[in-house]
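Hi,

Here is the structure I promised to pass on. Have a look at it first, and then read my notes below.

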Amino acid sequence: MDLYYVNNNSQPTGEHEVHKNGCNFMPTNKAELGMHSTCFSAVQKAKGIYSNVDGCMFCIPNCHTR
């Protein structure tokens, strides 16, 4: 299981990125999503906070869709 965060600041394209703990692109303004066994469940939890969510292309490429 890994610890995940969502960026509280949206990207220029509007989505809020989800990051796995230890990501080189971890934002400073973030909300903790808790421990998850997959990035997919972390993204789902982030969708409870923000409607427009995507996974970081660097730390969780399986959940990056844009």
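**What I found**

Let's start with one pair of residues: leucine 3 stands opposite methionine 35 in strand E3. Keep in mind as you read that this is a predicted model.

That pair belongs to a longer match, since E1 and E3 pair in the antiparallel sense over 6 bridges. E1 also pairs with E2, again antiparallel, over 3 bridges. You can spot this second pairing at tyrosine 4, which stands opposite lysine 20 in E2. As a reminder, strands of a sheet pair through backbone hydrogen bonds, either parallel or antiparallel.

Next comes E2, which covers residues 16-20 and pairs with E4 in the parallel sense over 3 bridges. Histidine 16 has valine 53 in E4 as its bridge partner.

So what order do the strands take in the sheet? Reading across, it is E3-E1-E2-E4, an open sheet of 4 strands with mixed pairing. Strand E3 (30-36) and strand E4 (53-55) are the edge strands, each pairing on one side only. On average, neighbouring strands are turned by 30° against each other, direction ignored.

Then there is the helix. H1 (residues 39-46) packs on the sheet and touches E1 (2-7), E2, E3 and E4. The direction of H1 makes about 140° with that of E3.

Now for the inside. Is E1 mostly covered or mostly open? It is mostly covered, with 5 of its 6 residues buried. In soluble globular proteins, nonpolar side chains tend to be buried together. Here the largest nonpolar core has 16 residues, and the ones touching the most other members are Tyr4, Val6, Val18, Leu33, Ala46, Val53 and Ile60. E1, E3 and H1 each supply at least two residues of this core, and H1 gives the most, with 4 residues.

Leucine 33 is a good place to zoom in. Leaving aside residues up to four places away in sequence, leucine 33 touches Tyr4, Tyr5, Val6, Val18, Ala42, Lys45, Ala46 and Ile49.

One of those contacts, tyrosine 5, has something else to show. Which residue lies over the face of tyrosine 5? It is lysine 30, at 5.4 Å from the ring centre. As for ring-to-ring pairs, with ring centres required to lie within 6.5 Å, the count comes to 1 aromatic pair.

Happy browsing!

Conventions. Residues are numbered from 1 along each chain as its sequence is written. This is a predicted model: local features need pLDDT of at least 70, side-chain atom pairs count only at pLDDT 80 or more; totals for chains, interfaces and linings use all residues. Side-chain values use heavy atoms; hydrogens and water are left out. Rings of Phe, Tyr and Trp (its six-membered ring) pair if their centres lie within 6.5 Å; planes under 30 degrees apart count as stacked, over 60 as edge-to-face and the rest as tilted. A charge sits over a ring if NZ of Lys or CZ of Arg is within 6 Å of the ring centre and within 35 degrees of the ring normal. Two strands pair if DSSP finds at least two bridges between them. Axes are lines fitted to C-alpha atoms, for helices over the stretch in contact, and angles run from 0 to 180 degrees between N-to-C directions. Contact means heavy atoms within 4.5 Å. A nonpolar core is a set of buried Ala, Val, Leu, Ile, Met, Phe, Trp, Tyr and Cys residues joined through side-chain atoms within 4.5 Å. Buried means under 20% relative accessible area, exposed over 50%, partly exposed in between (1.4 Å probe, protein chains only).
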